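Hi,

Here is the structure I promised to pass on. Have a look at it first, and then read my notes below.

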Amino acid sequence: MKDRETNIQVQEVDIPAIEIKDVVKIYKLYDRARDRVKEALGLGRRQSHKLHYALNGVSLNIYRGETVGIIGTNGSGKSTILKIITGVLTPTSGEVHVAGRISALLELGAGFNMEYNGIENVYLNGTMMGFSDKEIDEKLPEILEFADIGDYVNQPVKTYSSGMFVRLAFAVAINIEPEILIVDEALSVGDVFFQAKCYHKFEEFKKLGKTIVFVSHDLSIISKYCDRVFLLNKGNLLGEGSPKEMIDAYKRVLVGQYEIHEGEGALDGAKAADGKSGNPEGQRSQGVNPDAQEYGTKQAEIIDYYLTDERGVQAMAILKGAKFTLHMRVRFRTHVPAPIFALSIKNVLGVEITGTNTMIEKAFLESGEPGQVKDITFTQKMSLQGGEYLLSLGVTGYNGDTFEVYHRLYDVMEVTVVSDKDTVGYYDMESEVTVTDADVPGTV
């Protein structure tokens, strides 16, 4: 049977594994610790707390055999809903029904005793899941092989690095025969080889018809592995649908270009702050680095910058293979002969991957005059591999034979490339591959 939204084959899609109905989770926030004590003792006449809705009437169903992602900004309620599903937290109101054995990998440390060594924690977790010592004995070799932390397994887990900790925790989570696997951001601390090993295990689980629910800020992983995605924001469920649809909606959330119908929590269309797809001067999107390095004479100054996707909607996440545009606004304070506007992209290690400027592109060979404001756009196809990148901008030029730097902004904003297919290296050559039978005499 195929899911109507994603057109992806899922197993037993009509049988819920997890049902969440009108779930609310409220926390009381106090300005001072003593206010909490006074209120607990019934002292004082005035209410000294504010209510924070971590979840506000969220309803959703996750079906057997699905791999479901939950995305949203920090503080949107993603981890809270996972903890309620696993029973770590109790909702303030609402109903949660889970059908099947759950194994969860939440934040580092959850379910582990820091004083115990690795093997003791394996038995502790297995016992909590209802396994006998004999059953855990049978699973132990497979758990230790997957974790691959060597003799550290005999040391207290409080001595582990975050990478070793997540190796052991994930090895336990996947080897206790769960019907539902729930994973929070914890995998992001593992090295790239271990992450690949984990995602390969996800593929195995999908083939076995198990249900997987995970939270991740890595939109490439969401795009590649999920059948369906839920988008949360400030405790509200904004929408659900295919990975592409929800990632696109998430990009609008990041720049505030969305509406919620009161009482519905449903995502409406994009709505730019100025009624257009552009960015008003001085309005910064998320993903801008507040500590970006800058220098220059400021004879020409970059006063605004942002990215838009192929639809013209402001974004900080771009689909691989899609067109995107960098917008830069520059104000001239003096006469500047033949200014050069530049863009460069680095990876997170600081390696410059690519870049261009208006001189190379022969796009602008005029001068800038005092008081003029120029809007510059660089439009190109995104061919970089999935991941995080940093953008740098500049306005330079030649005054006679002297090279002048008017304004440079290093690593001023990030861009996330979302990809469900990464090749080797920094960019995709977009190869077209064919395999045919060779016409060799004497062969059948």
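Keep in mind that this is a predicted model. I'll start with two loop residues and then move on to the sheet and the rings.

Leu349 sits in the loop that links strand 14 (339-347) to strand 15 (352-357). With a relative accessible area of 75%, Leu349 is exposed. Its C-alpha is 9.2 Å from that of Tyr389, although 40 residues separate Leu349 and Tyr389 in sequence.

Gln385 is in another loop, the one between strand 16 (373-381) and strand 17 (387-399). Is Gln385 buried or exposed? It's buried, because its relative accessible area is 5% and the cut-off for buried is under 20%. Not counting neighbours within four places in sequence, the residues in contact with Gln385 include Lys320, Val417, and Val424 through Asp428. One polar detail to look for: a polar atom of the Gln385 side chain is 3.4 Å from the backbone oxygen of Gly425.

Now the sheet. Three strands make up an open sheet in the order 2-1-4, and their pairing is antiparallel. Strand 2 (49-63) and strand 4 (93-98) are at the edges with a single partner strand each, so each has one side without a neighbour in the sheet. From one strand to the next, the twist averages 20°. Strand 1 (residues 16-30) pairs with strand 4 over five bridges, and Ile20 is opposite Val96 of strand 4. Helix 1 (residues 33-40) packs on this sheet, where it touches strand 1 and strand 2, and its direction is at about 100° to that of strand 1.

Helix 2 (residues 78-86) has several buried residues, among them Ile81, Leu82 and Ile85. Right after helix 2 comes Gly87, with a positive phi near 90°.

Finally, the rings. How many aromatic pairs does the structure hold? There are nine. Take Phe202 and Phe214: their ring centres are 5.6 Å apart and their planes are at 20°, so this pair counts as stacked. Phe202 belongs to helix 6 (residues 192-207) and Phe214 to strand 7 (residues 211-215), so the pair ties together parts 12 residues apart in sequence. Both partners are buried: Phe202 has a relative accessible area of 1%, and Phe214 has 2%. They also belong to one aromatic cluster with Phe146, Phe170 and Tyr225.

Two lysines are worth a look too. The charged end of Lys25 is over the ring of Tyr27, 5.3 Å from the centre, and Lys210 lies over the face of Phe205, 5.6 Å from the ring centre.

Cheers

Conventions. Residues numbered from 1 in each chain as written. Predicted model: local features only at pLDDT ≥ 70, side-chain atom pairs only at ≥ 80, totals over all residues. Heavy atoms only, no water. Helix = DSSP H or I, 4+ residues; strand = E, 2+ residues; numbered from the N terminus. Buried < 20%, exposed > 50% of the residue type's maximum accessible area, 1.4 Å probe, protein only. Pairing = 2+ DSSP bridges. Axes fitted to C-alpha atoms, helices over the stretch in contact; angles between N-to-C directions. Contact = heavy atoms within 4.5 Å. Polar contact = N/O pair within 3.5 Å; in protein donor to acceptor, adjacent residues only side chain to side chain. Phe/Tyr/Trp six-rings, centres within 6.5 Å; stacked < 30°, edge-to-face > 60°. Lys NZ or Arg CZ within 6 Å of the ring centre and 35° of its normal.
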